[in-house]
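Good morning, colleagues. I would ask you to look at the sequence and the structure together before I begin.

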Amino acid sequence: MARRIEDYALVGDRQTGALVGRDGSIDWLCLPRFDSPACFAALLGGPENGHWRLAPAGAGACTRRAYLPDSLVLESVWETPEGTVRVLDFMPHRDVAPDLVRIVEGVSGRVGMLGVLRLRFDYGHVVPWMRRCGGHRVAVAGPDSVWLRSEPPVRTYGKDFSTRSEFTVAAGERVAFVLTWHPSHQPRPELIDPHLSLDHCLRDWRAWAARSVYRGPHRDAVVRSLITLKALTYTPTGGIVAAPTTSLPEQVGGVRNWDYRYCWLRDSALTLNVLLSAGYREEAAAWRDWLLRAIAGNPSELQIMYGLGGERRLPETQLPWLSGYERSAPVRLGNAAVDQRQLDVYGEVLDTLHICRNRGLPAAAPGWNLQRSLMDYLESAWRAPDEGLWEVRGARRHFVHSKVMAWAAADRAVCAVERFPQLPGHPGRWRAMREEVHREVCRLGYDSDRGTFTQAYGSAELDAATLLIPRVGFLPPSDPRIAGTVDAVRRELSQDGLVRRYGSGRAGPSAVDGLPGSEGAFLACSFWLVDALWMIGRRQEARALFDELLALRNDVGLLAEEYDPVGRRQLGNFPQAFSHIGLVDSALTLLSRGTAD
């Protein structure tokens, strides 16, 4: 498959999502959940692994495309010698079963259309049995059943293990296709009206977008990012997936390919703050409640990520029949990093719940008792090495960011009992821990010769996560060590103004993460640099970098995890919640007061 990652757009129903290419081909869709097996997996292999293309016969990429304003309804327009046609792709907010709707509308002339549907269940591995039933095409294999119908009926036929349709649309004519999934042992769900569903979908998305309280100059970019975050929310539980995809590479042709269809705790505080600041208290409360359910249990067993419903077992396996995006193998399911020790997540959790208290979210029943348990464990555990925020698959180390977040955990616990004296706890012990961690980080995690915090104790490597030090309050932005760290990160980790997470080797295995190859600039870290520049008073530089980052979005406003400044292309799983959280957070930061240049 020759499409770049940025050639795709997302449609979804807030329980799963599909990626639609510029050429009208849907190359990725997992049903019925984000983490379910894909029935279209051409994204990670080829057309034989499943896709659904709907476009003018003989046409390539669409002439233009865009989301309909303030919605997740994608409009793709082809201008051909015979006329102009548009295709609207969307997934209605489901009642029971997931539906994928594609409406073809003639704009001018008469345009011949071709549809090619290849369903391949179990990540492109299983060819289903196809049959006709009452004017529908029905695919069944194992636990999966998919029904395809059109309004008005369009003739379909089989060819090369695909279902094809050929028809013509004239100006003002509409043909709608609906693909519906359900468990194969259950009867077909009730049919939806595709045109009425379009109206409802647009109304619902626009009503949701209208709740945003952002009133700054980047309204379109912010609302698009917020809609993307909403689309990545698994509505039944409130969990937010990092991305709807697996194994899109951090280096094309490399092995840094991971499954991101889970919920990470590292994103929790930033996510909550963005949702609350943008006016979405209901979504923030749902995310907080998901978090409390997911982490309930023994504090020593706190994981860095969980499944959509809080599932804990996410074993990592590989799919050898998929060649990988642009031959970037292996394709992975699950994520072995779930078993890593990352001390920063304790600080993330306590910071998240601290924000909830300060922003007036109603208290959750187990909240404070859980936080006390986490602190009881962290009082001794913070001294141990870990794998760190970036899930390195090398040796455990004393990562500075992990220690800073341990400090943040103690600080938030102290702040809680000081503000709410009725809360039981051990403020004296927590203050002592806070002071000890602070002294140790400043002594062992700071390179006075270079004037910067480092990635780990005794290491010369830098880490973009140290840009978060002033944000969590470990040091004030006015402290010269903060400006020194910002300058060092820009000097040693930046390329064309964009920030890498750390200094992974460009040739051979990295001494930091234990993996061969390299990766692109990490977009969330680049947004952290925007925030850090603003906080230390370099406002013009912050605005300039933010504008550069906005320019990296694709034509429909979406961002992947990383960007390759050399190849000038997006990399990593797509669209990436962390990147869009960073975008909204930086846009909000640029509205805040700060010290002038």
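I shall go from the overall fold to the core, then to the aromatic residues, one helix, and the charged pairs.

Please bear in mind throughout that this is a predicted model. The protein has 14 helices and 28 strands. Its radius of gyration is 25 Å, close to the 25 Å given by the globule rule for 597 residues, so the protein is as compact as a globular protein of that length. The C-alpha trace spans about 75 × 45 × 45 Å along the principal axes. Of the 597 residues, 63% count as buried. As for the contacts between residues at least 6 apart in sequence, 66% of them join residues at least 24 apart.

Let me turn to the interior. In soluble globular proteins, nonpolar side chains tend to be buried together. Which residues touch the most other members of the largest nonpolar core? They are Phe-40, Leu-179 and Trp-528, in a core of 200 residues. Helix H8, residues 400–419, supplies the largest share of this core, with twelve residues.

Trp-528 deserves a closer look. Beyond residues up to four places away in sequence, Trp-528 touches Leu-270, Leu-389, Trp-390, Ala-464, Ala-465, Leu-467, Leu-468 and Phe-578. Two of those partners, Trp-390 and Phe-578, appear again in an aromatic cluster, which is formed by Trp-390, Phe-522, Trp-528 and Phe-578.

That brings me to the aromatic pairs. A search of the whole structure finds 16 of them. One is formed by Trp-205 and Trp-208, which are edge-to-face, with 6.3 Å from centre to centre and 85° between the planes. Why are these two residues about one helical turn apart? They stand three residues apart in helix H2, residues 194–209, and therefore are separated by about one turn. Both Trp-205 and Trp-208 are buried. A second edge-to-face pair consists of Tyr-446 and Phe-453, whose ring centres lie 5.0 Å apart and whose planes meet at 65°. Phe-453 counts as buried because its relative accessibility is 1%.

Two arginines lie over aromatic faces. Arg-14 lies over the face of Trp-205, at 5.7 Å from the ring centre; Trp-205 thus has an arginine over its ring as well as an edge-to-face partner in Trp-208. Arg-33 is placed over the face of Tyr-234, with 5.1 Å to the ring centre.

I come now to helix H4, residues 268–278. Ten of its eleven residues are buried, so this helix is largely enclosed by the rest of the structure. The buried residues of H4 include Ala-269, Leu-270 and Asn-273. Leu-270 has already been mentioned as a contact of Trp-528. Just after H4, Gly-279 adopts a positive phi of about 100°.

My last topic is the charged residues. Side chains of opposite charge can pair when their charged atoms come close. The search of the whole structure finds 46 salt bridges.

Consider Asp-351 and Arg-412, whose closest N and O atoms are 2.9 Å apart. Asp-351 belongs to helix H6, residues 344–358, and Arg-412 to helix H8, so this pair ties together parts that are 61 residues apart in sequence. Are the two residues buried or exposed? Both are buried, and Asp-351 has a relative accessible area of 9%. Leaving aside neighbours within four places in sequence, Asp-351 is in contact with Ala-269 and Arg-412. Ala-269 is one of the buried residues of H4.

Asp-585 and Arg-471 also meet in a salt bridge, at 2.7 Å from N to O. This pair links distant parts of the chain, with Asp-585 in helix H14, residues 577–589, and Arg-471 in helix H10, residues 469–472, a separation of 114 residues. Asp-585 counts as buried, at 4% relative accessibility, whereas Arg-471, at 28%, counts as partly exposed.

Towards the start of the sequence, Glu-6 and Arg-4 form a salt bridge of 3.7 Å, N to O. Glu-6 is buried, at 12% relative accessibility, while Arg-4 is partly exposed, with a relative accessible area of 31%. Finally, Arg-3, Asp-23, Asp-27 and Arg-53 are linked in a network of salt bridges.

Thank you for your attention.

How values were computed: Residues numbered from 1 in each chain as written. Predicted model: local features only at pLDDT ≥ 70, side-chain atom pairs only at ≥ 80, totals over all residues. Heavy atoms only, no water. Core = buried A, V, L, I, M, F, W, Y, C linked by side-chain atoms within 4.5 Å. Buried < 20%, exposed > 50% of the residue type's maximum accessible area, 1.4 Å probe, protein only. Helix = DSSP H or I, 4+ residues; strand = E, 2+ residues; numbered from the N terminus. Contact = heavy atoms within 4.5 Å. Phe/Tyr/Trp six-rings, centres within 6.5 Å; stacked < 30°, edge-to-face > 60°. Lys NZ or Arg CZ within 6 Å of the ring centre and 35° of its normal. Salt bridge = Lys/Arg side-chain N within 4 Å of Asp/Glu carboxyl O. Rg over C-alpha atoms; globule rule 2.2 N^0.38 Å.
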